[in-house]
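User: I am in my first year and would like to learn how to read a protein model step by step. Could we go through this one with questions and answers?

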Amino acid sequence: MRWENGRRSDNIEDRRGMRVGGKGLVGGGIGAIILALVAMYFGVDPSVVLNQAGNPTPTQQEQQNITFSPEEEKLKDFMSVVLADTEDVWGALFQKSGQPYPPPKLVLFSGAVESACGFAEAAMGPFYCPGDHKLYLDMSFFNDLAQRHDAPGDFAQAYVVAHEVGHHVQTLLGISDRVGAARSRASEAEGNALQVKMELQADCFAGVWAHHANQSRQILEPGDTEEALAAAAGVGDDRLQRQARGVAVPESFTHGSSAQRMRWFSRGMQSGDPGQCDTFKAARL
């Protein structure tokens, strides 16, 4: 991926090296549910999250005096460029529709973090919190992405950020609220199906970003598209469940199968049109 000459975003909040005092989820409830879903996404036992609800609320303590390696600092620089790219793409698309695009912040952390959605540990992977409009990422996740999910490469890493930005776009468009309201009235199976459509739409939005970023700045190099598709496939529910349980249970999917995730990312990347990402009206996911 050609990124070194790209603009850097100012919307980076670096909490690496900061300790989180205590454990627990802010108020339990929706914070626990949101982070439990995030845990399920990455094959982590959601009870690890839910069992923390009701414990004392954590506090983010002062940053420790830690020196980061040149590789870590370069990765932070890369994240800043990817975030700036998403700001430029979605800012322009929102402007065309006559709407403002307030960009999210990207919070980099080490080990654990406190968010408006609650307490999260790095093992749960990256997540977006609609309560504070922030993306949370422990960059050590990318080692897991490469090794456990067979998705190495910088464009695979960019896909992860672009997917979480896709959830921010859904929040700004009111999609997240509408789906949340519908899920509150639905059965578990119906709620899971709605959540799958949310996640596949975020994958499609990530593809929309890739389309426009490449069109404007020619960021793609040979093999980049394959890297993103490998990342989408690597975190498919069927693959994660087979790794964790030995069997896939489609009715319990919350993010979609590997094939679905690759298909919707490709759809966004080929079209560049957010209107093509309406998974809620699609005849086939």
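User: Let us start with two helices that pack together: what is the handedness of the crossing of H5 and H8?

Analyst: Please keep in mind throughout that this is a predicted model. H5 and H8 pack with their axes 7 Å apart, and the crossing that these two helices make is right-handed.

User: Are H5 and H8 parallel, perpendicular or oblique to each other, and why?

Analyst: The angle at which H5 and H8 pack is about 50°. Angles under 35 degrees would count as roughly parallel, and those from 65 to 115 as roughly perpendicular. The angle of H5 and H8 belongs to neither range, and the two helices are therefore oblique.

User: How many of the residues in the contact of H5 with H8 are charged?

Analyst: On the H5 side the residues are Asp154, Phe155, Ala156 and Tyr159, and they meet Asp224, Thr225, Glu227, Ala228, Ala231 and Ala232 of H8. Asp and Glu count as charged, and the contact divides into 6 nonpolar residues, 1 polar residue and, as the number asked for, 3 charged.

User: H5 also meets H7, so at what angle do their axes cross?

Analyst: Helix H5 covers residues 154-172, while helix H7 covers residues 188-217. Their crossing is right-handed. The two axes come within 7 Å of each other, and the angle at which they cross is roughly 120°.

User: How many nonpolar residues are there in the contact of H5 with H7?

Analyst: Among the residues making this contact are Phe155, Ala158 and Tyr159 of H5, together with Met198, Phe205 and Trp209 of H7. Divided by kind, the residues of the contact of H5 with H7 include 5 polar and 2 charged ones, and the nonpolar ones number 11.

User: Which element gives the most residues to the largest nonpolar core?

Analyst: The largest nonpolar core has 52 residues, and Met1, Met79, Trp90, Phe142, Phe155, Trp209 and Phe265 have the most contacts inside it. Several elements each supply at least two residues of this core, including H5, H7, H8 and helix H10 (258-271). The element that gives the most, with 10 residues, is H3.

User: Which residues of H5 does Met1 contact?

Analyst: Leaving aside neighbours within four places in sequence, Met1 is in contact with, among others, Phe78, Val82, Trp209 and Ile219. Helix H5 spans residues 154-172. The contacts of Met1 that belong to this span are Asp154, Phe155 and Ala158.

User: Is Gly131 buried or exposed, and why?

Analyst: Gly131 is placed in the loop between S7 and S8, where its contacts, neighbours within four places in sequence left aside, are Ala116 and Cys117. Exposed means a relative accessible area over 50%. Because Gly131 has a relative accessibility of 59%, this residue counts as exposed.

User: What is the phi of His133, which lies in the loop between S7 and S8?

Analyst: His133 is partly exposed, with a relative accessible area of 30%. This residue is not a glycine, and yet its phi is positive, at about 55°.

User: In which loop is Gln218 found?

Analyst: Gln218 also has a positive phi, near 50°, in a residue other than glycine. At 46% relative accessibility, Gln218 counts as partly exposed. Its place is the loop between helix H7 (188-217) and helix H8 (224-234).

Note on methods. Residues are numbered from 1 along each chain as its sequence is written. This is a predicted model: local features need pLDDT of at least 70, side-chain atom pairs count only at pLDDT 80 or more; totals for chains, interfaces and linings use all residues. Side-chain values use heavy atoms; hydrogens and water are left out. Buried means under 20% relative accessible area, exposed over 50%, partly exposed in between (1.4 Å probe, protein chains only). Helices (H or I, at least four residues) and strands (E, at least two) are DSSP runs, numbered from the N terminus. Axes are lines fitted to C-alpha atoms, for helices over the stretch in contact, and angles run from 0 to 180 degrees between N-to-C directions. A crossing is left-handed if the near helix is turned anticlockwise from the far one by less than a right angle, and right-handed if clockwise. Contact means heavy atoms within 4.5 Å. A nonpolar core is a set of buried Ala, Val, Leu, Ile, Met, Phe, Trp, Tyr and Cys residues joined through side-chain atoms within 4.5 Å. Angles under 35 degrees count as roughly parallel, over 145 as roughly antiparallel, 65 to 115 as roughly perpendicular and the rest as oblique.
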